[in-house]
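Visitor: Before the questions start, please put the sequence and the model up together.

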Amino acid sequence: MLPTRRLGPQLHSNKKNLHGFIKSKMGLDLKVRCGMASTTTVAQPTTTTTTTTTTQQDKVKRRLVFDNRTPSFQDFLMQQQLGSTGTATVDPSQSRPDQVPYLSTSSQLLGQGAKYFIEVYGCQMNVNDTEILNSIMLNSGYERTLNMEEANVVFLVTCAIRESAETRIWERLKYLRHYRTKLNSETPPVIGVLGCMAERLKTKILDGRLADVVCGPDGYRSIPHLISLASTEYQNGVANVMLSADETYTDIMPVRLDKNDVSGWISIMRGCNNMCSFCIVPFTRGIERSRPIDSIVNEMRYLSEQGVKEVTLLGQNVNSYRDTSESKYYVNQENSSGSGLSNDGFKTIYKAKDGGRRFTELLDKISLVDPNMRIRFTSPHPKNFPTELLHLIAERPNLCKSIHLPIQSGSNTVLERMRRGYTREAYLRLVEEMRRIIPNVWISSDFITGFCEETEQEHQDTVSLMKQVQYDMAFMFAYSMREKTHAHRRYQDNVEDSVKSRRLAEIIATFHETAATKNKSLVGTEQMVLIDSTTSKSKRGVATRLSGRTDGGHKMFILDQDDNDALSKVAKGDMIRAQVEKTTSASLTGRFISTV
Ligand code: SF4
């Protein structure tokens, strides 16, 4: 179902906060009052509720937390509706707000025109989650603003993959605290921290009053309710950090952040079962679960009708996709696409699962929705490239011939410590098979340098593998240890920072060297370019008029050609043919030939 924008009338000043706004709309004073004496901490078996009397007027500041050790948010809402006659899972004397009619699971409007502002950090999955959040907020009667100063709610959608990503968010939260103090208002905006960092740190983010709402990636449906609770009763903050075994938001049609963007994103699965020893993702995003194929096909159709020209399918282990929504595909394995594993030398840390409709079947179906729409996917795992998937990519013109194949390290002993489930040799065999079946395939990868106990020889193994594969693109990072991971429990993060930096510089230099040589061989070739910018640029005396992406994902700049009338008619979203004239390790520059 498409999202309906059902906003309530704009009845409030934007300077007013949500608490004041809700009060005026509902005609209620929702501040909780109770007669508890001085500072008290109430231990709850099911929710964490801290009660602190702060003034002589008995104002109470409380905190409410939902995590996987407590009943769900839905249980809480149900209990709210049942009141004292229900089978209470939460102590009503502590947790039931005074009559709060908008705390219902119905489609009742909650925001009534209040405004929210979003800042997104981290990966593309966060961008797509933000589009889901957009849909939820708009359907709850909020309006999005691009100006933080007029926002009643400020969201930070966060990343936890590296320490530096979290440091950035802490800095931003401190700035927002300062910003709220400077407003000197009784009604400052509500601050919400969402995403992986919220899931990882849970209530730690509520300490120090840096945020009012904390919500992990599986709790976004509850956000309008969490805001209501934080704005009224739970002034020490509200958190929903429950991980779900089945939440995929499949019934929510995301509302795109930039409607003019020629590219769109579809999350097809969430979570990861791989437990690579360095990775925090399984702890912040939970276990693997996939959306039904039909809902993804519908979203493809919707994006095609919106004029989107390129779609990227998203998932933490995107090619491990397995739709088990229809039992006939799950139970009768003859109707399924097998285990979905790559040929030889790849294994899973968990028991490989048979049955279900696999990634190859999904790609087959969605590539037929609009043959002019390009399709990419990220981020895959090398273990999930069965031969039939490679053949399908080779056959369908709109499946881009660019494959991300994250290896992380070229050393077998490091791969073993990382628990990646393959060897260097198995990976190289897969690369060879890919290049045989898809002759012009572009291959990119991820590398982590300086992983626990990495020796100089192990590092050199990575350098030699990079030279052997000759990647078209690479994402390279120095290792950053994360708490809770297998590596944190088992290994020492004992490679000196200076050594990590030097090794990182070496692999970056190796990549640029091989990519520059490889790209030079493209001079004179013809590329199909999807134009995503019509901004004229001039760099080192070279004037370009347009830019876009090739099938392989390279940025390509199109030279300004005054003599070519057709060039001036090219618009964003057009597909053109262009001939490569110059290259660097990161981009191509060429001459317009024609539109397609
Ligand atoms: S496959 Fe990717 S997301 Fe999953 S644990 Fe490994 S690195 Fe993390």
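Visitor: Which residue in β17 is the bridge partner of Thr312?
Guide: The model is predicted, so local features need pLDDT of at least 70, side-chain atom pairs count only at pLDDT 80 or more, and totals for chains, interfaces and linings use all residues. Residues are numbered from 1 along each chain as its sequence is written. Strand β14 (residues 310–314) pairs with β17 in the parallel sense through 5 bridges, where strands (E, at least two residues) and helices (H or I, at least four) are DSSP runs numbered from the N terminus, and pairing takes at least two DSSP bridges. Within β17, Thr312 has as its bridge partner Arg376.

Visitor: Which strands stand at the edges of the open sheet formed by 3 strands?
Guide: The order in this open sheet is β11-β14-β17, and the pairing is parallel. Each edge strand has a single partner, so one side of each is left without a neighbour in the sheet; these strands are β11 (263–267) and β17.

Visitor: By what angle are neighbouring strands of this sheet turned against each other on average?
Guide: The sheet in question is the parallel one with the order β11-β14-β17. With direction ignored, the average turn between its neighbouring strands is 25°.

Visitor: Which strands does helix α9 touch where it packs on the sheet?
Guide: Helix α9 (residues 293–305) makes about 165° with the direction of β11; axes are lines fitted to C-alpha atoms, for helices over the stretch in contact, and angles run from 0 to 180 degrees between N-to-C directions. Contact requires C-beta atoms, placed from the backbone, to lie within 7 Å. On the sheet, α9 touches β11 and β14.

Visitor: Which strands stand at the edges of the open sheet of 7 strands?
Guide: That sheet is paired in parallel and has the order β4-β10-β9-β8-β7-β5-β6. A strand with a single partner has one side left without a neighbour in the sheet, and so it is with the edge strands β4 (64–66) and β6 (143–144).

Visitor: What is the bridge partner of Lys115 in β6?
Guide: Strand β5 (residues 115–120) and β6 run parallel and are joined by 2 bridges. In β6, Lys115 is partnered by Glu143.

Visitor: At about what angle does helix α4 run to β5?
Guide: Helix α4 (residues 124–139) lies across four strands: β5, β6, β7 (153–158) and β8 (190–195). Relative to β5, the helix runs at about 175°.

Visitor: Which residue stands opposite Ile576 in β26?
Guide: β26 (residues 587–595) is joined to strand β24 (residues 555–559) by 4 bridges in a parallel run, with Lys555 opposite Ser587. Strand β25 (residues 575–583) pairs with β26 in the antiparallel sense over 7 bridges, and a hairpin of 3 residues joins β25 to β26. Opposite Ile576 in β26 stands Thr595.

Visitor: How far apart are the axes of helix α11 and helix α12?
Guide: α11 (residues 359–366) and α12 (residues 387–395) pack at an angle of about 15°, with an axis separation of 9 Å. That makes α11 roughly parallel to α12, a label for angles under 35 degrees. Phe359, Thr360, Leu363 and Asp364 in α11 meet Glu388, Leu389 and Leu392 in α12. The distance between the axes is 9 Å.

Visitor: Which residues of α14 make the contact with α12?
Guide: α12 packs against helix α14 (residues 424–437) at about 35°, and their axes are 9 Å apart. From α12 the contact takes Leu390, His391 and Ala394, and from α14 it takes Glu433, Met434 and Ile437.

Visitor: At roughly what angle do the axes of α15 and α17 cross?
Guide: Helix α15 (residues 456–469) meets helix α17 (residues 497–520) through His459, Thr462, Val463, Met466 and Lys467 in α15 and Arg503, Glu506, Ile507, Thr510, Phe511 and Thr514 in α17. The axes come within 9 Å of each other. The two helices are therefore roughly parallel, with a crossing angle of roughly 10°.

Visitor: Which residues does the cis peptide bond join?
Guide: Most residues other than glycine have a negative phi, and most peptide bonds are trans. Gln112, in the loop between α3 (92–95) and β5, has a positive phi near 50°. Ser379 lies in the loop between β17 (374–378) and α12. The cis bond, with omega about 5°, joins Thr378 and Ser379.

Note on methods
Angles under 35 degrees count as roughly parallel, over 145 as roughly antiparallel, 65 to 115 as roughly perpendicular and the rest as oblique. Two residues are in contact if their C-beta atoms, placed from the backbone, lie within 7 Å.
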